[in-house]
Amino acid sequence: MSLANANIICLLDDEFEDLELWYPVYRTRETGATVQFAGPKKGAEHIGKYGVPAVADLSFDELDADTIDGLLVPGGWAPDKLRRYPKVLEVVQQLNAQNKPIGQICHAGWVLISAKILQGRTVTSTPGIRDDMENAGAIWLDEPVVVDGNLISARRPPDLPPYAQAFVQALEQRMG
């Protein structure tokens, strides 16, 4: 299925985990979807943990949940920064309320925790933030990918193939 009309946003800040950002972005773009990076400042370059750059196509302030079909949140240390932006949390909450796919991997669960959308939801993450996820009310599973409604979560880079596949499938179901 072509997702040519899908508008996906990938959140961006410094020290993202390079593979966790680029792999799902490329897999989603392969479906025909438009994937744009949103960061604190439009046009700003952000560097991943391993030195791979990405440039923000949009600023967080430009985001409008009504025009977004899905969201990707990469891991690394970027989520600790991303969760400090009220606009990021607002958009995550709105997308969740609209039942739109939200993909998160590794430490990206911190963003969902701060958005307060995990109560009673089943997810996974890097085991390092399991306690954080559970303390936010989530049911945590040690599985490569967990899909709970619109939330698609994965643990770490080795889980990227099934994670990206599950995210694309969620988009296809939503856009179908």
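## Aromatic pairs, core and two helices

Biologist: Arg 27 lies over the face of which ring?

Modeller: This is a predicted model. A charge counts as over a ring if CZ of Arg is within 6 Å of the ring centre. Arg 27 lies at 4.8 Å from the ring centre. The ring is that of Tyr 23.

Biologist: How many aromatic pairs does a search of the whole structure find?

Modeller: Rings pair if their centres lie within 6.5 Å. The search covers the whole structure, and the total is 3.

Biologist: Trp 22 and Phe 37 form an aromatic pair: stacked, tilted or edge-to-face?

Modeller: The ring centres are 5.2 Å apart, with 75° between the planes. Planes over 60 degrees apart count as edge-to-face. The pair of Trp 22 and Phe 37 is therefore edge-to-face.

Biologist: How far apart in sequence are the parts that this pair ties together?

Modeller: Trp 22 lies in helix α1, residues 18–29. Phe 37 lies in strand β2, residues 34–39. The pair therefore links a helix to a strand, and the separation is 15 residues.

Biologist: Are Trp 22 and Phe 37 buried or exposed?

Modeller: Buried means under 20% relative accessible area. Both Trp 22 and Phe 37 are buried.

Biologist: Which residues form one aromatic cluster?

Modeller: Trp 22 and Phe 37 pair edge-to-face. Their cluster also takes in Tyr 26. The members are Trp 22, Tyr 26 and Phe 37.

Biologist: Which helix gives the most to the largest nonpolar core?

Modeller: That core has 59 residues, and Leu 11 and Leu 63 have the most contacts inside it. The helix that gives the most contributes 7 residues and runs over residues 160–175. It is α6.

Biologist: What does Leu 63 touch, not counting residues up to four places away in sequence?

Modeller: Contact needs heavy atoms within 4.5 Å. Leu 63 is one of the residues with the most contacts inside the core. Its partners are Ile 9, Leu 11, Ala 38, Leu 58, Ile 68, Lys 87 and Val 91.

Biologist: What span should the 16 residues of α6 have?

Modeller: The rise is 1.5 Å a residue. The count of residues is reduced by one before multiplying. The end C-alpha atoms of α6 are 22 Å apart, which agrees with the expected 22 Å.

Biologist: Which elements do the buried residues of α1 pack against?

Modeller: Those buried residues include Leu 21, Trp 22 and Val 25. They pack against β1, β2, β4, β6, β7 and α6.

Definitions and conventions: Residues numbered from 1 in each chain as written. Predicted model: local features only at pLDDT ≥ 70, side-chain atom pairs only at ≥ 80, totals over all residues. Heavy atoms only, no water. Phe/Tyr/Trp six-rings, centres within 6.5 Å; stacked < 30°, edge-to-face > 60°. Helix = DSSP H or I, 4+ residues; strand = E, 2+ residues; numbered from the N terminus. Buried < 20%, exposed > 50% of the residue type's maximum accessible area, 1.4 Å probe, protein only. Lys NZ or Arg CZ within 6 Å of the ring centre and 35° of its normal. Core = buried A, V, L, I, M, F, W, Y, C linked by side-chain atoms within 4.5 Å.
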